[in-house]
Amino acid sequence: MSDLEAIVAALRGHDRFLVVTHENPDGDALGSMLAMTLALRQVGKDTEMVLMGEAPLPGEYHFLQLDGLLREPPADAADRVLVAVDCAKADRIGHGYVELLAQAPLVLDVDHHHDNTRFGTVNLIVAKASSTGEVLRDIFGELGVELTPEIAEPLYVALVTDTGRFQYSNTTPKALRLAAELVESGADVHAVFQEVYESVQFAKLKLLARALERARVLEGGRIVVSYLLRTDFAEVGAAEPYSEGIIDYLRAVEGSELAALIREPPRDEGPARRVSLRASIDELDVSAIARLFGGGGHRQAAGFSSDASIDEITELIRQGFTAQRAAASA
C-alpha cells in the first residue's frame with residue numbers, strides 16, 4: 001500500500017477527526033486546514049479544526065471561512081483521529097502538542113516539507129509538491145470529494161501563497177494545472193489576490209518600514225539581514241502575524257542569495273526570537289541552516305527559534321551560509 005493509499009484508507013475507516021496545522025500559520029497552513037476540514041465533512045465525517053495558541057490570525061486570511069476554528073482542543077479530542085497538515089515537526093503544532101498526540105487514537109501527517117520528521121502513525125510527505133494544498137488535492141481525488149468553490153478557494157490560497165504567486169522554483173506544471181482546475185471549480189482569483197496581497201494593514205506597513213530601515217548586507221551583499229524588536233510591535237500597533245511577508249522584501253534585493261529576518265515575538269511565552277530564512281539560489285539550502293538550531297523547512301524557505309542575541313544569530317547565519325557556499329565551490 002502506498003502512503004497515499006494508507007492515508008485515504010485511514011480517512012475512510014474512521015468517522016471523527018481533528019485537523020491541526022502549525023502555529024503562526026501561513027496561507028498553505030490555513031488553506032490546507034480549512035480545505036481538509038470541509039472535504040471530510042462533505043464525505044460525512046464529524047470534523048473539527050483547531051489552531052493551538054492565542055496569537056491572532058494574519059489579517060490577510062480573515063476572508064477564509066474560519067468561523068468554526070477552535071483555539072484549543074475540544075473536550076472529545078481523545079476520541080478523534082488527529083490530522084496534521086503542513087506541519088513538518090510535531091512541536092510546530094504548538095503548546096500542548098505532546099498531550100494532543102499522545103491521546104489521539106491515530107495521527108495522520110500530511111505535508112510537503114522535505115525534512116518532515118514523520119511523526120504520524122501514517123505519513124504522506126510529498127517533498128516535490130508545491131504545497132500541502134497540492135497533496136490534499138490528490139487525497140480528495142481518491143476520496144471522491146467534489147471540488148466545490150468553498151473547497152477550491154482555500155486550496156488555491158494554499159497554492160498561490162506557497163509558490164509566491166507562481167514565481168518560486170516550486171511552480172511546477174502540475175501546480176499550474178491544479179491552479180486552472182481550482183479556478184474552474186470556483187476559486188476567485190481576483191478576490192484572493194485583493195484579500196491576500198492588497199489588504200495591507202497600516203500598522204504592517206509601519207512594521208515593514210522599521211525592518212527596511214535596519215536592513216544591512218553581509219558577505220559583499222550576498223546576505224541581507226534585518227530584525228524587529230518586541231517594542232516595535234507595540235509602538236506601531238502591530239500583532240505578531242503582521243511580520244509575515246516582510247522577509248520577501250529583503251529577499252528581493254539585487255545580488256542577495258540569503259535573506260534573514262530576526263523578530264522578537266510580542267508575547268511573554270515561547271522563545272525570545274524567531275528567525276525566517278529565504279534563499280534566492282538553488283545551490284543554497286536554508287533548511288540545513290535552520291536545522292542547526294532545531295528548526296527546518298524547505299530548501300529555499302525555512303525558520304527556527306533561538307534565545308541567542310540578534311548579533312549572535314546573525315553571525316551564526318553568516319557562518320552557515322559561508323560554509324555551504326565554500327562546500328559548493330570545493
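These legends accompany several close-up views of a predicted model.

**View 1. Glu219 and Arg318 form a salt bridge.** In this view, the closest N and O atoms of Glu219 and Arg318 are 3.0 Å apart. Glu219 sits in the loop between β6 (216-218) and β7 (223-228), while Arg318 belongs to helix α12 (residues 310-329), so the pair ties together parts that are 99 residues apart in sequence. Both ends of this bridge can be followed to the surface: Glu219 is partly exposed at 28% relative accessibility, and Arg318 is partly exposed with a relative accessible area of 24%. Across the whole structure, a search finds 21 salt bridges.

**View 2. Arg318 also forms a salt bridge with Glu315.** Stay with Arg318 for a moment and look along its own helix. Here the closest N and O atoms of Arg318 and Glu315 are 2.7 Å apart. Why are Arg318 and Glu315 separated by about one helical turn? They are three residues apart in helix α12, which accounts for that spacing. Glu315 is partly exposed, with a relative accessible area of 31%.

**View 3. Glu257 forms a salt bridge with Arg325.** The closest N and O atoms of Glu257 and Arg325 are 3.2 Å apart. This pair links distant parts of the chain, with Glu257 in the loop between α10 (246-251) and β8 (258-263) and Arg325 in helix α12, 68 residues apart. Is Glu257 buried or exposed? At 13% relative accessibility, Glu257 counts as buried because the cut-off for buried is under 20%.

**View 4. Ser329 lies in helix α12.** Two backbone oxygens of the helix come into this view. The side chain of Ser329 reaches the backbone oxygen of Ala326 at 3.1 Å. A polar atom of the Ser329 side chain also lies 3.1 Å from the backbone oxygen of Arg325, the residue that forms a salt bridge with Glu257 in the previous view. With a relative accessible area of 60%, Ser329 is exposed. For a sense of scale, Ser329 and Gly31 are 39 Å apart in space, C-alpha to C-alpha, and 298 residues apart in sequence.

**View 5. Strand β1 (residues 16-20) pairs with β2 and β3.** How many of the five residues of β1 are buried? Four of them are, which leaves the strand mostly covered. Strand β2 (residues 46-50) runs parallel to β1, and five bridges join the two. Strand β3 (residues 81-85) is parallel to β1 as well, joined to it by four bridges. Leu18 is a handy residue to find here: its bridge partner in β2 is Glu48, and its bridge partner in β3 is Leu82. When you trace side chains in a view like this, it helps to recall that in a regular strand they alternate between the two faces of the sheet.

**View 6. β1, helix α2 (residues 27-42) and β2 make a right-handed β-α-β unit.** Follow the chain from β1 through helix α2 to β2 to see this unit. The two strands of the unit are the parallel pair joined by five bridges.

**View 7. Arg16, Asp46, Asp76 and Arg80 are linked in a network of salt bridges.** Which residues should you look for here? Two arginines, Arg16 and Arg80, and two aspartates, Asp46 and Asp76, make up the network.

Definitions and conventions:
Residues are numbered from 1 along each chain as its sequence is written. This is a predicted model: local features need pLDDT of at least 70, side-chain atom pairs count only at pLDDT 80 or more; totals for chains, interfaces and linings use all residues. Side-chain values use heavy atoms; hydrogens and water are left out. A salt bridge is a side-chain nitrogen of Lys or Arg within 4 Å of a carboxyl oxygen of Asp or Glu. Buried means under 20% relative accessible area, exposed over 50%, partly exposed in between (1.4 Å probe, protein chains only). A polar contact is a pair of N or O atoms within 3.5 Å; within protein, one must be able to donate a hydrogen and the other to accept it, and residues adjacent in sequence count only if both atoms are side-chain atoms. Two strands pair if DSSP finds at least two bridges between them. A crossover is right-handed if, with the strands pointing away from the viewer, the path from the first strand over the helix to the second runs clockwise.
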